[in-house]
Amino acid sequence: MQVTMTVNGDEVAAEIEGRTLLVHFLRDQLRLTGTHWGCDTSNCGTCVVWLDGEPVKSCTVLAAMAGGHEVRTVEGLETEDGLDPVQQGFMQCHGLQCGFCTPGMMMTARALLDRNPDPDEQEIREAISGQICRCTGYATIVRSVRWAATHADGVQPEPVGSTS
Amino acid sequence: MTTVTAPTAGRRPVDKFDDNDQKPVGHGRMLRKEDPRFIRGMGKYCDDFQLPGMLHLAILRSPVAHARLVSVDVSAAQAHPKVKAVITGADLAEKGLAWMPTLSNDVQAVLATDKVRFQGQEVAFVVAEDRYAARDALELIDVEYDILAPVVDARTALSPDAPVIRDDLDGKTDNHCFDWQTGDEAATEAVFAKADVVVKQDIVYPRVHPAPMETCGCVADYERVDGKLTLWTTSQAPHAHRTVYALVSGLPEHKIRVISPDLGGGFGNKVPIYPGYVCAIVASLVLGKPVKWMEDRSENLISTGFARDYIMQGEIAATKEGKILAIRTNVLADHGAFNGTAAPVKYPAGFFGVFTGSYDLEAAYCKMTAVYTNKAPGGVAYACSFRITEAVYLVERIVDCLADELKMDPVELRLKNFIRPEQFPYTTKTGWVYDSGDYEKTMRLSMELAGYDALRREQAERRRRGELMGIGVSFFTEAVGAGPRKDMDILGLGMADGCELRIHPTGKAVVRLAVKTQGQGHETTFAQIVAEEIGIPPADIEVVHGDTDNTPFGLGTYGSRSTPVSGAAAALVARKVRDKARIIASGMLEVSVADLEWTKGSFHVKGDPGSSVTIQDIAMRAHGAGDLPEGIEGGLEAQICYNPVNLTYPYGAYICVVDVDPGTAQVKVRRFVAVDDCGTRINPMIIEGQVHGGLTDGVGMALMQIIAFDEDGNCLGGSLMDYLIPTALEVPDWETGHTVTPSPHHPIGAKGIGESATVGSPPAVVNAVVDALKPYGVRHADMPLTPSRVWDAMQGHPTPPV
């Protein structure tokens, strides 16, 4: 079947099998491999992308269901103005280790901050509670999101490769 | 499936790696060099590779735990229009590839030929044009099983009437895997006989699974013309894997290139060689095309390396004043259907011998029997430092049982028995030589950070109100950094690590490692180790790893060995380069070598700081046209292989505070204080991250995680709906601290930190829960302490999980 959708602002059209999962469509066909796959059962959240501005687990969305809608992936977080503060925050606060859950975590974090620009620790924990990280123990992810909340206006962050 | 149009991919990272502004450069907090690609979704993991003409492999797995294979009919699968090949065990047997060695010198079926021995075992594989078609075709394979009685409970594995699982082994008539013992049985018995107090406790450390976010998989690409196999694979030990593939497949080792790209976590799960890798290699050899195999989550949980599964009887002997005299344990180890333990050959129980803990004992003894059962193979995985987590859990749990018996505060009991600073190096009663430590200092710092005395007062107050608050303490010593090659090898491969450092003419550098990060941040840490020694900023040092064609041989990353072994190699290779640089500098400054002084990044003439050359100047001279001192070759590079003289022994003191809901028996971890001593600290930010992750593992194992089986051998933890892993809501904001007691034999004094918290935290959590349940008379309850199991304990009948 034919599917047409907007991905990170670009319109894409493709011929797909009707059963194709959105995560596989993004990864295998569009080669947007920043969105990962981790569990099959909607538990891990490493596949989180936005569908019309809402975070969804793309392992349980058919690509066909995204037809006519807007998808945003981790590749769409960085703009001409630079990195999203959430991306900066994860680097600044060691919010990632292996990096596998990171795209999904950042997409959820961005959605949270768009609705609630100043979330407290508990609100952040609840927002990411549908996602699993095996490396960080979550505290640094919470700090990363708080960093993004307090640097929403693009304050120059500490450069990578420096020390403090 | 064809794409008509594609969106623009994200732009390439543009961050400059600004120079480390720490002067001098080197150790210290530094943001990670690998992060710019990860935060853009530009990490490159195994499943991200898509080669031209690539085919997809899927594995048919046994639905039952124990059965004889009667027939495998693949005709319908072969007729599927998108299927390129269907391979069974019989096909592999014709090529002599149906069995492969495990890392413990056992054998494991690549595809079953005679019987299936655990649920999820590999029976056949399909190669097809896309991943969906490959899975479709699995449904078309018709297998007839003659179902046999399974051995599920390890306690019954050696019963005379137990079905024999490993009838593939010549003359095998039972399910015995191995026996092992350590310590002095008679001396221990003598000490127990004279002790005032003896406490016994049965303690189970149930089977768990590391479940990294990225499952296991590979892309195998065999080039017929060159005869070269390239394997992109989820491997923590690419060099060891390459050697095993050479031995198994008969391909010459120089024609195999193993590339371990970005790994989405490992935790030991990516140490073993799994049948799926071998299947993909066979498929690429047969079809002449690149072949990708990626397991799904259920396959990962039911068939790949599990961890723990020790049924332990612990005994501790002490004086009535609380001086611990001896510890004795009898262990029944469940190794599953094949002994796939990844541990040094002489250590079939890993480093469980450190069960004497952090205490100065008179005697100790352990006797272990390992058995086969109809469960997935494995045995050492999940950040356990080769079974030290089981050892630490045993000793820290039973010390708490002793404290309960003596009615002593558990901290007081520990303080009374610690190995004292002046006793290091300390040889334990099981023969381990602890390198350095000041345990009391670390314990007291954790008490201070936790406000221990105030917590006890609060607990007393809450108990009066009927609230269940628990405070749990654990103190662990690890033995990591395997290891000295005279004692330690895996499949005959010594556990030394190579390292190569090359300084380019412009003073930039590349360091090539034998180890492989799974998220620990090697690209940053190792750049810092080299920077500290040679004075080149970390941003100017490229770290190459995870590619056997481009790195020196070494045994990989597990057992917290990267910093203790390869970290030492990196420091020493940099010093070797610096020694050569010193000679070149002496020529440049026209003074003798003895007249030069090194300040990080440059040599200057003693007493004349203005007369100096930088390492960058020296690098250009080393590659330039001018004369070099007599006997010195051009270039500025070196390679070494580091053979550790001993293991390193990081340690820590952990305090956990829990609240248990008396109505629902749900445990809430309110606080967790972790004070670690990993010797010299290279990057405190990364160290903290390693600790946080391990603490989360510990809470998960203590409260939630278990791979259980029903009586038919069906795995009950086969998805993330069934195998519960902590989310952000189950863990607190971690509180960390540190002391620094360098390792005396490590070149920079670093001891390793990767697994400390996973090892040290489970007993702290369990001790806290048991402490909370004291009003109910509970002395012990086994993990996982789920609400129903805690409720059972509160009702007076705590039950073992297996």
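Visitor: How many residues does each chain bring to the contact between chain B and chain A?

Guide: This is a predicted model, in which local features need pLDDT of at least 70 and side-chain atom pairs count only at pLDDT 80 or more, while totals for chains, interfaces and linings use all residues. Residues are numbered from 1 along each chain as its sequence is written, and chains are lettered from A in the order in which they are written. With two residues in contact if their C-beta atoms, placed from the backbone, lie within 7 Å, the contact takes 65 residues from chain B and 62 residues from chain A.

Visitor: Which element gives the largest share of the side of chain B that touches chain A?

Guide: Helices here are DSSP runs of H or I with at least four residues, and strands are runs of E with at least two, numbered from the N terminus. The elements of chain B that give two or more residues to this side are β1 (2-3), α1 (35-38) and α16 (684-703). The largest share, six residues, comes from α16(B).

Visitor: Why does the radius of gyration of chain A agree with a compact globule?

Guide: The radius is taken over C-alpha atoms, and the globule rule is 2.2 Å times the number of residues to the power 0.38. For 164 residues a compact globule would come near 15 Å, which agrees with the value for chain A, 16 Å.

Visitor: What pattern do the helices and strands of chain A follow along the sequence?

Guide: Chain A has five helices and five strands. Read along the sequence, their pattern is β-β-α-β-β-β-α-α-α-α.
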